[in-house]
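Q: Could you help me learn to read a protein structure, one feature at a time? I would like to hear the general idea and then see the case at hand.

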Amino acid sequence: MKNKLNLFLSAVLFLITSSVHATVIETISFLGDNQGVAESFAFASGGVDLTVTAWTTNVNDEQTELAPWQLLSGDNGVYNGSTGLGVVSSDNDGVDLDGGSSSSFARDPDEGLLFVFSEQVNLHAFTAGDLSSNDDLNFAWVNLLLPDSLDASNLFVDRNDGSDHYQLASGTFGYAFMLWVDGNDDDVRIESLEFSTVPEPYTLLLLAIGLLLCGFRGMKKGR
């Protein structure tokens, strides 16, 4: 009986582990028809919704935040073009995701795109377009404090992989992520994101309980 129980528990653990790792990676592409500028754009894949908004900040060369993140609205916001997503932060700003000088924040701020998912995901990778050798990208986890206020914790700053495709560390879990630039010569687009859904802990617990009950009933019948 003890050997059967141990064998069954091992099988349950294997099934739960398999359910966690056997995830389908979804890709959301931002390439397509030019849709211009809007305060936000909505996308969906694999039953998960994604909302993208545009924000600005101001940091200096030492990565000291000189101005808090600000949500763009009105005539400014996310630029959804045929070659990917960018940001328009003023009347004289270009349509790419670009950084600025810390001394001229009012007319040339550092720009970011905030990606908010409808459920927790594991963000695997993203692809940047219009990327040249002098362009760097920053990535941050985000905690939304209010609809127009956030707190960002950087995972990496000023990273250039030498490739358009940025592979993230395993286990980049969260609901909201920021891709942003702070260099005066940074000028990029975001073309796509790759993610997978994350099973909630209580879902795994219910799965384990259900499998245990089924197993114990089967062992009782076999006596």
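Q: How much space lies in the largest cavity?
A: A cavity is a place where a probe fits but cannot get out. In this predicted model, the largest cavity holds about 30 Å³ of space. A search of the whole structure for cavities of 30 Å³ or more finds one.

Q: Which residues line the largest cavity?
A: To count as lining, a residue needs an atom within 4 Å of a cavity point. Here the lining is made of Phe 115, Phe 117, Leu 123, Phe 139, Phe 177, Leu 179 and Leu 193.

Q: How do the lining residues divide into nonpolar, polar and charged?
A: Leu and Phe both count as nonpolar. The lining of this cavity has seven nonpolar residues, with no polar and no charged ones.

Q: Which strands each supply at least two residues of that lining?
A: You can look up each lining residue in the strand that holds it. Two strands fit your description: β9, residues 110-129, and β13, residues 173-180. The largest share comes from β9, with three residues.

Q: What does the secondary structure of the protein chain come to?
A: The chain has two helices and 14 strands. For contacts between residues at least 6 apart in sequence, 72% join residues at least 24 apart.

Q: What share of the protein chain is made up of buried residues?
A: Buried means under 20% relative accessible area. Of the 223 residues in the chain, 43% are buried. The accessible surface of the chain is about 11600 Å², and carbon and sulfur atoms account for 53% of that surface.

Q: Are β9 and β13 mostly covered or mostly open?
A: Count the buried residues in each strand. In β9, 16 of the 20 residues are buried, so that strand is mostly covered by the under 20% cut-off. In β13, six of the eight residues are buried, and this strand is mostly covered too.

Q: In which sense do β9 and β13 pair, parallel or antiparallel?
A: Look for bridges, where a residue in one strand stands opposite a partner in another. β9 and β13 are antiparallel and share seven bridges. As examples, Gly 112 is opposite Trp 180 of β13, and Leu 113 has Leu 179 of β13 as its bridge partner.

Q: How many bridges join β4 to β9, and how many join β9 to β14?
A: Eight bridges link β4 to β9 in an antiparallel arrangement, with Thr 56 opposite Glu 111 of β9. Eight bridges also link β9 to β14, residues 187-197, and these strands run antiparallel. There, Gly 129 has Arg 189 of β14 as its partner.

Q: How many bridges pair β9 with β12?
A: Three bridges pair β9 with β12, residues 165-167, in the antiparallel sense. One partner pair is Ala 125 with Gln 167 of β12.

Q: Which sense do β10 and β13 run in, parallel or antiparallel?
A: They run antiparallel: β10, residues 137-146, is joined to β13 by four bridges. Ala 140 has Met 178 of β13 as its bridge partner.

Q: Which residues does Leu 155 touch?
A: A contact means heavy atoms within 4.5 Å. Leaving out residues up to four places away in sequence, Leu 155 touches Phe 139, Ala 140, Trp 141 and Thr 172. Leu 155 belongs to β11, residues 149-159. Its C-alpha atom is 10.0 Å from that of Met 178, and the two residues are 23 apart along the chain.

Q: Why does Leu 155 count as partly exposed?
A: Partly exposed is the range between buried, under 20%, and exposed, over 50%. Leu 155 counts as partly exposed because its relative accessible area is 32%.

Q: Where is Tyr 175 found, and how far is its C-alpha atom from that of Leu 123?
A: Tyr 175 is found in β13. Its C-alpha atom is 9.3 Å from that of Leu 123, although the two residues are 52 apart along the chain. Tyr 175 is partly exposed, with 43% relative accessibility.

Q: What is phi of Gln 63, and what is phi of Asp 158?
A: Phi is a backbone angle with a sign to check. For Gln 63 phi is near 65°, a positive value in a residue other than glycine. Asp 158 is not a glycine either, and its phi is positive at about 55°. Gln 63 sits in the loop between β4 (48-59) and β5 (65-71), whereas Asp 158 lies in strand β11. Both are partly exposed: Gln 63 has a relative accessible area of 30%, and Asp 158 has 36%.

How values were computed
Residues numbered from 1 in each chain as written. Predicted model: local features only at pLDDT ≥ 70, side-chain atom pairs only at ≥ 80, totals over all residues. Heavy atoms only, no water. 1 Å grid on protein atoms, 1.4 Å probe; cavity = no way out; pocket = protein on both sides within 12 Å on 5 of 7 lines; lining within 4 Å. Points joined across faces, edges and corners; volume = space filled by probe spheres on them. Buried < 20%, exposed > 50% of the residue type's maximum accessible area, 1.4 Å probe, protein only. Areas by Shrake-Rupley, 256 points an atom, 1.4 Å probe, with all protein chains shown as cover. Pairing = 2+ DSSP bridges.
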